[in-house]
Amino acid sequence: MAITRLRAKPLPFSLPLLLRHWLLLGGCALLLVLLPAANDVRPTGLLLPLLPPLPKLQIGDLVFRQGLGQDSALICALSESAYSHVGMVVEVTPEVLVVHATTDDDHSRPDQVIVSTLAAYVHQGRRLLIKRYPLTARQKHQVQQSLWAQQGKPFMLTGKRDELYCSTLVSRVLAPFIEPRWPYSQVQMVGFSGEFLFPETLVQDQRSQTVFAYPTEG
């Protein structure tokens with residue numbers, strides 16, 4: 001599998017959550033890059049009722065978002081992407097539910113795979129993209145069963161290929177039906193290094209089609 005090498009970019013944000021983690025990891029040198037902005041005001045997320053009408057979603061649809069936190073800003077910068085997180089639709093009636101691996105969407109269930117309503121999921125983001133692979137009805141049923149089985153599994157992200165986080169969750173569920181041509185990226189920076197599968201890799205897969213985007217590109 002191909003590996004893309006990435007370099008960290010300076011970010012015009014304060015990163016209180018990440019800084020605490022990196023200080024514990026000895027990431028003092030990185031502070032010189034990340035400290036310039038002093039204030040950190042968490043923006044308000046999207047409200048589903050205020051978005052343009054969504055098409056009828058299907059089980060297996062990929063739901064990408066740009067998160068609100070500074071860890072999301074870092075992922076976007078490292079992967080040169082507008083999106084930092086991805087989940088999959090597991091149910092469409094009576095309401096749309098999304099399975100995703102997350103650290104803090106639900107503070108009562110931290111660092112694990114959870115199920116969120118679509119409204120709760122998009123409210124943790126400022127941008128939204130939904131893509132769809134061509135899956136048969138039988139494949140969608142198998143995807144649904146696989147997604148439900150992931151619930152509660154621990155989130156892990158330290159730079160190793162066998163770990164479970166948002167992108168690898170999606171890739172594992174899809175792999176039996178879609179040939180896994182999703183290259184990992186090599187990241188080398190203080191306190192954050194290893195091989196990572198970024199959401200942008202899935203965004204760029206031309207085997208899936210875009211069914212919704214907000215805001216619209218261009």
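Let's start with a cysteine: Cys-166 is buried, with a relative accessibility of just 8%. Keep in mind as we go that this is a predicted model. Another cysteine, Cys-76, also counts as buried, at 10% relative accessibility. What is the count of disulfides? It comes to 0. For the cut-off behind that count, a pair of cysteine sulfur atoms has to lie within 2.5 Å.

Cys-76 brings us to helix α3, which spans residues 70–79. This helix is mostly covered, with 8 of its 10 residues buried. Besides Cys-76, the buried set takes in Gln-70, Ser-72, Ala-73 and Leu-74, and then Ala-77, Leu-78 and Ser-79 towards the end of the numbering. Step just past α3 and you land on Glu-80, where phi turns positive, at about 50°.

Now hop over to helix α5, residues 137–150, and look for Lys-140. Here's a charged side chain worth a click: Lys-140 is buried, yet has no salt bridge. Which side chain of opposite charge is nearest to Lys-140, and how far away is it? That would be Asp-61, 6.7 Å away. A salt bridge needs the nitrogen and the carboxyl oxygen within 4 Å, so the Lys-140 and Asp-61 pair, at 6.7 Å, doesn't make the cut. As for what Lys-140 does touch, setting aside neighbours within four places in sequence, its contacts are Gln-58, Ile-59 and Leu-135.

Other charged residues do find partners: across the whole structure, a search turns up 6 salt bridges. One of them joins Glu-195 and Arg-161, with N to O at 2.4 Å. That pair links distant parts of the chain: Glu-195 sits in strand β8 (residues 192–196), while Arg-161 belongs to the loop between α5 and α6 (166–174), and the two are 34 residues apart. Arg-161 itself is partly exposed, at 33% relative accessibility.

Then there's Arg-109, whose side chain meets that of Asp-106 in a salt bridge, 2.8 Å from N to O. Buried or exposed, or somewhere in between: where does Arg-109 fall? It is partly exposed, at 26% relative accessible area, and Asp-106 is likewise partly exposed, at 22%.

Finally, swing round to Glu-179 and Arg-181, which form a salt bridge with their closest N and O atoms 3.3 Å apart. Arg-181 is exposed, and its relative accessible area is 53%.

Technical notes:
Residues numbered from 1 in each chain as written. Predicted model: local features only at pLDDT ≥ 70, side-chain atom pairs only at ≥ 80, totals over all residues. Heavy atoms only, no water. Buried < 20%, exposed > 50% of the residue type's maximum accessible area, 1.4 Å probe, protein only. Helix = DSSP H or I, 4+ residues; strand = E, 2+ residues; numbered from the N terminus. Lys, Arg positive; Asp, Glu negative; His and termini not counted. Contact = heavy atoms within 4.5 Å.
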